[in-house]
Amino acid sequence: MIVIWIYMSALFELTQCAGQFRYAVRNDVYSPTFYHEKDMELVDNNTLAYYMNKACDMYPETFTKYVATYFPGLGYYIESINNQASNWQHDKTYWQIRNDSGLLPLGASSYVPSNGENIMFNLTVFEPFPFHETFSYTVNNEINVPYFNHSVDLFIIDEKPLVYYMSTACKKYPDVFTNQPLSVGVSSYVPRPGDNIVLNFTLSEKENGTDHAKTTETPSNISSNAPVVFSTSTRATTTTTTAVMGPKFRYTVRNKMVKPYFSHSVQLRIEDKQPLIYYMEKACDKYPKKFKKFSVSYKRPFNGYFVDAINEVFGNWYKDETFWLIQNKTGPVDLGVSSYIPTPGDEITFRFVHGYDHLPNHDKTTPSPNNCNCSC
């Protein structure tokens with residue numbers, strides 16, 4: 001009996017040693033403010049997003065839902081928690097993720113919590129790091145339509161050249177700074193504290209006058225004909241890419257209802273038992289100009305993720321009965337993006353639609369998409 005008791009005690013200790021961490025969300029910025037925390041049991045090697053989902057499932061009155069947007073090459077950005085959205089453009093607020101050591105180095109879809117950690121999502125008003133030097137980066141075009149003038153302050157990091165910060169601006173502010181043509185000057189110049197760097201689209205002037213020349217030359221530091229590093233390729237590279245074998249399916253997003261209209265389609269290679277949301281991420285990463293981003297909400301009634309928006313076109317069932325319908329060759333798909341697994345030859349289409357007629361097996365008593373599995 002003593003041996004059995006010792007064995008059971010040891011087993012209990014091992015079970016307890018599986019570990020847990022504390023998950024908290026705090027909003028002290030907007031009214032109504034809130035603070036919620038729960039201890040979460042660690043499971044395998046799951047990322048923080050897994051535990052956010054689990055918290056919504058286990059404590060739906062405390063952790064009601066969260067909304068995340070997937071950005072190409074960056075992963076998921078947390079837009080809102082418990083219906084409280086951040087508003088970077090208006091007042092520089094964002095959902096900051098930190099533990100006892102400070103800011104997390106990875107996002108919610110990449111970071112793996114460890115035993116004993118205290119992880120908090122804190123709605124925060126951005127303030128520049130103390131004593132961190134910055135410079136101003138501006139792009140200006142007053143010649144060709146569409147005209148624009150965008151400016152941002154960027155932190156100086158080591159001896160990084162200007163091209164590094166151009167790339168950083170594109171990643172941090174993709175709606176403002178799109179991919180820039182690159183040239184020799186920006187790849188060698190290193191910004192200094194207090195610099196005010198302006199890339200100004202301009203016409204070259206006559207050598208001995210102020211009038212514009214009839215024929216314009218391309219300035220060396222910003223060239224409309226400069227090679228775009230992000231899309232350069234060789235014939236050999238293209239051949240190698242198209243030679244990749246394996247089953248594929250077609251992924252399409254289509255909006256013919258509201259501006260901006262779009263219809264984009266791509267064939268994606270099928271990987272082992274990955275759900276549809278995995279391929280949505282992959283399309284964004286590989287083809288960011290067509291598949292710019294998408295937004296999903298995790299809510300317990302959906303049993304997973306609901307697709308709120310694609311390429312910034314948002315559905316709103318309660319306002320105008322619009323939503324993103326998922327279809328394959330046979331019709332509407334009842335499973336959602338985190339459950340449906342594409343098969344070879346599949347043709348998956350997200351259509352922005354309106355009304356009950358588009359719901360799977362609809363009738364007069366069919367609930368809204370917010371209560372079904374259409375896009376979870």
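How much area does the protein chain expose, and what share of it do carbon and sulfur atoms supply? With the whole chain displayed as a surface, the exposed area comes to about 22,400 Å², and carbon and sulfur atoms supply 53% of it. Keep in mind throughout the tour that this is a predicted model.

Switch to a cartoon view next, where the protein chain shows 8 helices and 19 strands. Of its 376 residues, 40% count as buried, and among contacts between residues at least 6 apart in sequence, 57% join residues at least 24 apart.

Now turn to the aromatic side chains, for which a search of the whole structure finds 20 pairs. Select Tyr23 and Phe63, whose ring centres are 5.0 Å apart and whose planes meet at 25°; because planes under 30 degrees apart count as stacked, this pair is stacked. Tyr23 belongs to strand S1 (residues 20-27), while Phe63 sits in the loop between helix H2 (48-58) and strand S3 (65-71), so the pair ties together parts that are 40 residues apart in sequence. Tyr23 counts as buried at 2% relative accessibility, and Phe63 counts as buried, also at 2%.

Move on to Tyr251 and Phe291, another stacked aromatic pair, with 5.2 Å from centre to centre and 20° between the planes. Here Tyr251 lies in strand S12 (residues 248-255) and Phe291 in the loop between helix H7 (276-286) and strand S14 (294-299), so that the pair links distant parts of the chain, 40 residues apart. Tyr251 is buried at 3% relative accessibility, and Phe291 is likewise buried, with a relative accessible area of 3%.

Return to Tyr23 and add Tyr59 and Phe121 to the selection: ring pairs link Tyr23, Tyr59, Phe63 and Phe121 into a cluster. Adding Lys38 shows a charged residue beside this group, for Lys38 lies over the face of Tyr59, at 4.7 Å from the ring centre.

Which residues touch the most other members of the largest nonpolar core? They are Tyr66, Phe121, Tyr251 and Phe350, in a core of 56 residues. Centre the view on Tyr66 and, leaving aside residues up to four places away in sequence, display its contacts, which include Ala49, Met52, Asn53 and Cys56, as well as Ile78, Val296, Tyr298 and Tyr305.

Finish with a second, separate core, which has 17 residues, among them Tyr137, Val139, Val152 and Phe177.

How values were computed:
Residues are numbered from 1 along each chain as its sequence is written. This is a predicted model: local features need pLDDT of at least 70, side-chain atom pairs count only at pLDDT 80 or more; totals for chains, interfaces and linings use all residues. Side-chain values use heavy atoms; hydrogens and water are left out. Rings of Phe, Tyr and Trp (its six-membered ring) pair if their centres lie within 6.5 Å; planes under 30 degrees apart count as stacked, over 60 as edge-to-face and the rest as tilted. Helices (H or I, at least four residues) and strands (E, at least two) are DSSP runs, numbered from the N terminus. Buried means under 20% relative accessible area, exposed over 50%, partly exposed in between (1.4 Å probe, protein chains only). A charge sits over a ring if NZ of Lys or CZ of Arg is within 6 Å of the ring centre and within 35 degrees of the ring normal. A nonpolar core is a set of buried Ala, Val, Leu, Ile, Met, Phe, Trp, Tyr and Cys residues joined through side-chain atoms within 4.5 Å. Contact means heavy atoms within 4.5 Å. Accessible areas come from the Shrake-Rupley method with a 1.4 Å probe; for residues, only the protein chains shown count as cover.
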